[in-house]
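User: I would like to learn how to read a few features of a protein model. Please take them one at a time.

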Amino acid sequence: MGTVVSFEIRPGDESRHAATAALERACTILHAADDTFSLYMPMSPMSRLRRGETSLEQSPPEIAEVLGYCAEARRLSDGWFDPWAMPGGLDPTGLVKGWATQRAAQVLEDSGMAAAMVNGAGDIACFGRPETGRAWTVGIQDPHHPKRVLRTVRVERAIATSGTSQRGEHIYDPFLGVPGSHALSATVTGPSLAMADALATALLARGATGVPCVRALPGYDAFVIKARPQLQHR
Amino acid sequence: MRRTPIVLTSTVAGLAAVLSFQQQPRGPLAGLAPPSLSSTPVASERASKSMQTADGIAVPNQYGVVQVRVTMKDGRISAVTPLQLPQGDPKSAQISTVAAPALSRQVIAAQSAQIDGISGASYTSAGYAESLQAAIDQLPAAPGPTA
C-alpha cells in the first residue's frame, strides 16, 4: 500500500538544476524509507526485524534512529504512542511517515532552496515562506466530510493530523489493548514532524485530555475534533 | 513552478513528474466545497449571475431548531446567515447570539484563505485522486518570495 507525497517549492535564488537535483534526492529518501520500513513488504528490513529474523544491529541504522524517536514519543505522550504495544508486533508506522517527510524537506532546505512544503499524505513539513509576508497555510480536513476544510492553521515547520475517516479505525489503544479512539481527528504542530506525527497518533487515541500534555512541550500545539453529538431528527 | 505529486509505492520508482517553473497567480480553490454547516441537503436555491443563496433545511436538536442561509458571491461564501437558532431559553438565546457571528466568520475565513496544503487523515495512493490535496496540486502555483 503506497501513498502520495506532494511538493510545493520556492527555489528562490537556487538554480533550476540544483532544485531538480534536490527534489530527486528527496524522492530517493522517501523511496528508501518506504523500502526500509514498509510492513506491507514481507522482506523489508522492518518486517524482518519485527519477525525476529534479524537483530537491530543487523538492520539499517535508520531503524535504530526511528526507534529512538519512538521511545522519546512514547515518553512524551505518557505512553499513548507505543509502537511496542501493537497487536501484530513492533510497528513504528505512526512516526515513520512524518520522519521521512521531514527528512525530504530537510534535503530541500540544505540545498539552499528558499521555501518548500512537503505533504506526506496529510503530514506536512515546511520551511521558509510561500510568498513575502505570508506563512504556509494548511487546511484541516473535516473528519465528517473529507472534501471540506474545517479551519486553517499557519504553520512554521510541521503539522500532522491523525484521523479515523479515511482508513477506518486504525488507532490502537495501548492501555486497553483494543482498537479505539477518543476523537475523530487530532492535529499537532511543532518543530519536528516525526514527533508531531507520533503525538497526533497518540492524541487521537487519548482524546482532548491529552492536549495539555502536547502543549507543555516547547514549540508544540494541538487540538482535537471530537465526535459530533447526534442530531435528533424528527 | 508546479506542484509535483510523487507517487510513493513499492513498484513505482523515480521522479514521477517534471518541474516547470512558470510563475502565475493562483485562483481560488475551485474544488473546495463549503465547510460543513450541517449534513442536511439544500432545500431551496435562488441564483443570480454572481450572487447565490442556499437555505439549509431546518435541523431540530435538543436545544432547538437550526437553519442557516449561505450566500455565495463569485463562487465563494460571502455570508452565513442564521434563519433559525435556538431561542427557547435565555441561555440558548445567549449562546446563539455569540455563536452565529463566530460561525459565519470561521466559515468565510476557511473559504477565502489561500490554502497551501491539507492536513487530515492520511490517504492511500488510490485515495489521493479524491483528496483535497490533489485538487490543490492541480492549481498553478502562486508567485514565490523572489518572483
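User: How many disulfides does the structure hold over all chains?

Analyst: A disulfide is a covalent bond joining the sulfur atoms of two cysteines. Here a disulfide is a pair of cysteine sulfur atoms within 2.5 Å, and the structure holds zero over all chains. This is a predicted model, in which local features need pLDDT of at least 70, side-chain atom pairs count only at pLDDT 80 or more, and totals for chains, interfaces and linings use all residues. Residues are numbered from 1 along each chain as its sequence is written, chains are lettered from A and ligands numbered from 1 in the order written, and side-chain values use heavy atoms, without hydrogens and water.

User: Is A:Cys27 buried or exposed?

Analyst: Buried means under 20% relative accessible area, exposed over 50%, and partly exposed in between (1.4 Å probe, protein chains only). A:Cys27 is at 3%, so it counts as buried. A:Cys126, at 2%, is also buried.

User: At what angle do helix α4 and helix α5 of chain A pack?

Analyst: Two packed helices are described by the angle between their axes and the distance between the axes. Helices are DSSP runs (H or I, at least four residues), numbered from the N terminus. Axes are lines fitted to C-alpha atoms, for helices over the stretch in contact, with angles from 0 to 180 degrees between N-to-C directions. Helix α4 (residues 93-110) and helix α5 (residues 193-206) of chain A pack at about 155 degrees, their axes 7 Å apart. α4(A) and α5(A) are therefore roughly antiparallel (an angle over 145 degrees).

Methods:
Helix = DSSP H or I, 4+ residues; strand = E, 2+ residues; numbered from the N terminus. Parallel < 35°, antiparallel > 145°, perpendicular 65-115°, else oblique.
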